[in-house]
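The exercises below concern cavities and a bound ligand. Work through each task before reading its solution.

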Amino acid sequence: KVHAGERLSESDGVALFEHPDLLAIGQLANTARERLHGDVTYFNRNLHLNSTNVCEADCLFCSFARLKEGMPEAYTMTVPQALEWIRKRYNPGMTEIHIVNGLNPDLPFEYYPDLLRSIRREFPKLHIKAFTAVEIHYFAEKFKLSYEQVLQSLIDAGLGSLPGGGAEIFAPRARKKLCGDKVTADGWLEVHRVAHQMGLKSNCTILYGTIEKLEERVDHLLRLRQLQDETNGFQAFIPLAFHPENNRLGPIGAPTGADDLRMIAVSRLLLDNIPHIKAYWIMLGVKTAQLAQRFGANDLDGTVTEEKIYHMAGADTPNALSVDDLKKLIRAVGRNPIERTTTYDVIVDSRTEELQAATG
Ligand code: V47
């Protein structure tokens, strides 16, 4: 089916997860990947901001959130503090800021458009990729607004696209146990549907390696594929490996390297309509993210600059990688590193431009 360009079914998905020959699955995924992207691997220059970790939701897998202001390590930046935080880390090559926060019950809605407006004013070159569908749903419910109204206010303030977090696992059995007090699967998908209809692009994710069954991973991927058939608004899919430290699911441990590579490969094979599969190096670890470029992935995410969600959950990856590091990692697996914007426009590197000017 893969060679004939045919769509894979639910039972194909389960078979791919269960098949003992990981390298064969990887090779198939690599075929699909090279058909779409040749030998290109994308990266970007970005900065992650989490301006508050106070969060009403009580997800079992989370190490980042603190339920209430005043608890140890709970924090909330004011808008000027967030700007100062960015100023300290910003450099002019950066093209994206990625903002994800806790569901903070003490902040007024205006905080969010204010934050985006202030960032746009001071850093007009940064594309603002902000707020997961979980947050958009929370704002809509809390402030009695529709998804359209929330998104329109944020777009007016500078929102450029939505990140893919908060999807976790859609299947109700696992979702209820993992994060029963936040938006349902249908709600998550509806926020993205509305965003796509309003012209925003977005990403999507899965959190794997906790209590989900392989069938539930497949169900998750197929629900995303179905929405993508409808809207074509997803740009990238990012499988997120469970990190076990400092949260209540710790005893489960982390997924194995083989599971990480297989998750990437099966995602590439089932999600035939989502252009990019991102191996987020912060989460996979640099070495697995690099190998993933031969197992179906065609993106590594970015420089990131300072990461909290995974580092509070025990990630031992560095906090940032330089552009040179990223390029070296990509070249070492025989891929061609291409810098991109958030929306996958290619950024022509200044040395290439100089060369082109010199050679006419
Ligand atoms: O929604 C939280 C996950 C997500 C843990 O859109 C955990 O480009 C594993 O969505 N172990 C946030 N996962 C990160 C995210 C993301 C990252 C990079 C790029 C993009 C993008 C999106 O992290 C959360 C949740 O699913 N998460 N805690 C944990 N202990």
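**Exercise 1.** Find the volume of the second largest cavity and sort its lining residues by class.

Solution. The model is predicted. Step one: the second largest cavity has a volume of about 30 Å³. Step two: its lining is made up of Glu-96, Lys-129, Asn-203, Gln-235, Ala-236, Lys-278, Arg-340, Thr-342 and Tyr-344. Step three: by class, this lining holds two nonpolar, three polar and four charged residues.

**Exercise 2.** Describe the largest cavity and its lining.

Solution. Step one: the structure has two cavities of 30 Å³ or more, and the largest cavity contains about 760 Å³ of space. Step two: 40 residues line the largest cavity, with Val-100, Gly-165, Gly-166, Glu-168 and Ile-309 nearest its centre. Step three: the classes in this lining are 19 nonpolar, 13 polar and eight charged. Step four: α5 (133-142), β6 and β7 each contribute at least two lining residues, and β6 gives the most, with three.

**Exercise 3.** Locate the ligand and list its polar contacts with Phe-61, Lys-129 and Lys-278.

Solution. Step one: the ligand takes up the space of the largest cavity. Step two: among the 23 residues around the ligand, Phe-61, Lys-129, Gly-166, Glu-168 and Lys-278 come nearest. Step three: a backbone N or O atom of Phe-61 is 2.8 Å from a ligand nitrogen atom. A polar side-chain atom of Lys-129 lies 2.7 Å from a ligand oxygen atom, and a side-chain N or O atom of Lys-278 is 2.7 Å from an oxygen atom of the ligand. Step four: the protein covers 96% of the 620 Å² of accessible area that the ligand has on its own.

Definitions and conventions
Residues numbered from 1 in each chain as written. Predicted model: local features only at pLDDT ≥ 70, side-chain atom pairs only at ≥ 80, totals over all residues. Heavy atoms only, no water. Near = heavy atom within 4 Å. Polar contact = N/O pair within 3.5 Å; in protein donor to acceptor, adjacent residues only side chain to side chain. Areas by Shrake-Rupley, 256 points an atom, 1.4 Å probe, with all protein chains shown as cover. 1 Å grid on protein atoms, 1.4 Å probe; cavity = no way out; pocket = protein on both sides within 12 Å on 5 of 7 lines; lining within 4 Å. Sits in = over half its atoms within 2 Å of the grid points. Points joined across faces, edges and corners; volume = space filled by probe spheres on them. Helix = DSSP H or I, 4+ residues; strand = E, 2+ residues; numbered from the N terminus. Nonpolar A, V, L, I, M, F, W, Y, C, P; charged D, E, K, R; others polar.
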